[in-house]
Amino acid sequence: MEHWSFPATGTSWSVRTPRQLQPEARAAIRGYAEDFEAVWSRFRPSSLVRRIADGALGRGPITVELPTADSAMLDLYDRLYSATRGRIDPLAGTDLVELGYDPELSFTVRQGAAERIGALHGRDAWADVVQHAGNRLTVSHPVLLDVGAVGKGFLADRIGEILLSHGVEEFIVDGSGDLLIRSQEPVRVGLEQPGREGHVIGTVEVSHGAVCGSSPHRRSWGEGLHHILDALTGLPVEDVAATWVVAGSCAVADGLATALFCTDPALMAQSFRFECAILSRRGQASVSRGFYDLPGRIFTA
């Protein structure tokens, strides 16, 4: 099996295939990843979302044309925003900046941030200032859009489509832990315990689907400060240590892995089909009703 790696979205990606990838497929994947970051990276001053936020496209209303496929990501955010009752919101990127996870990676909380973060304190909310239809996005005034809850999974799905279009029918796309799997034989995936590299608390087997995990461990910068926020309060979530989600698409699995930090799995199950495992801060693991049928296993309780 070939193992091809490349950098994108600030992390390392890999594609595993039974046979060597053709140069045309590699070029198409690299090209799409670059185009995706040129639109959605809040860390690039030249990206579309930064130019919107910085007022370079006017004071509003601001309408832009997005790549056609990206409309599916905005539709997914509509569903996540609704299902979590506003706790997953791309406009929470402003809260991350206030808390120090800014484009300069200062990791310094801004003075008075506690009074400004979160929709409950008046920060703009998705349903109030964002409209989209097809690939046309309109915001009422400059705001920062952060698609981090879904972006890597969405990109993995698009890479999977590129592989299929080049005749590659079996593959594993790995966006630094967000996995899209297409395989004739089940692939066993370890659920790594946060802070203990190589130590797994369980496994799942997937042949056609996605597995995504989320944990604040790798992106924390101070006592109680990390990148997984409740968008209503603007504060980092405290009770959950890690989540893992198995779903049909990587974008859905990625978004739900974040949503389960602040929303009950039973509530999310009203809108999405998935299985999950959740590890609490106290070290207790819980799983969804169909998790063991995947099959999935948990080694701790």
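Colleague: Is D230 buried or exposed here?
Modeller: First off, this is a predicted model: local features need pLDDT of at least 70, side-chain atom pairs count only at pLDDT 80 or more, and totals for chains, interfaces and linings use all residues. Residues are numbered from 1 along each chain as its sequence is written, and side-chain values use heavy atoms, leaving out hydrogens and water. D230 has a relative accessible area of 12%, and the cut-offs (1.4 Å probe, protein chains only) are under 20% for buried, over 50% for exposed and partly exposed in between. So D230 is buried.

Colleague: Which residue does D230 meet in a salt bridge?
Modeller: A salt bridge is a side-chain nitrogen of Lys or Arg within 4 Å of a carboxyl oxygen of Asp or Glu, and D230's comes in at 3.1 Å, N to O. The pair links distant parts of the chain, 143 residues apart: D230 sits in strand β11 (residues 229-230), its partner in the loop between α3 (71-83) and α4 (93-98). Helices (H or I, at least four residues) and strands (E, at least two) are DSSP runs, numbered from the N terminus. At 27% relative accessibility the partner is partly exposed, and it is R87.

Colleague: How far apart in the chain are R123 and D89?
Modeller: Their side chains meet in a salt bridge, 3.7 Å from N to O. R123 is in the loop between α4 and α5 (126-129), whereas D89 is in the loop between α3 and α4. Both ends count as buried, R123 at 9% and D89 at 7%. Along the chain, they lie 34 residues apart.

Colleague: What does E98 in helix α4 tie to?
Modeller: E98 makes a salt bridge at 2.7 Å, N to O, with R116. R116 is in the loop between α4 and α5, so the pair ties together parts 18 residues apart in sequence. E98 is buried at 12%, while its partner, at 37%, is partly exposed. That partner is R116.

Colleague: How many salt bridges are there by this rule?
Modeller: Some of them join up: E34, E37 and R44 are linked in a network. The count for the structure comes to 13.

Colleague: Is the F6 and W13 pair stacked or edge-to-face?
Modeller: Rings of Phe, Tyr and Trp (its six-membered ring) pair if their centres lie within 6.5 Å; planes under 30 degrees apart count as stacked, over 60 as edge-to-face and the rest as tilted. The structure holds 9 aromatic pairs. F6 and W13 are one of them, at 6.3 Å centre to centre with 20° between the planes. F6 is buried at 3% and W13 at 1%, and their pair is stacked.

Colleague: And F107 with W221: which label fits that ring pair?
Modeller: Their centres are 5.8 Å apart and their planes at 35°, so the pair is tilted. It also bridges 114 residues of chain, from F107 in the loop between α4 and α5 to W221 in strand β9 (residues 220-222). F107 is partly exposed at 38%, W221 is buried at 15%, and ring pairs link both with F43 and Y101 into a cluster. The label, again, is tilted.

Colleague: Which residues of strand β3 (residues 62-65) point to the buried face?
Modeller: The side chains alternate along β3, with T63 and E65 on the face that is not buried. The other face belongs to I62 and V64.
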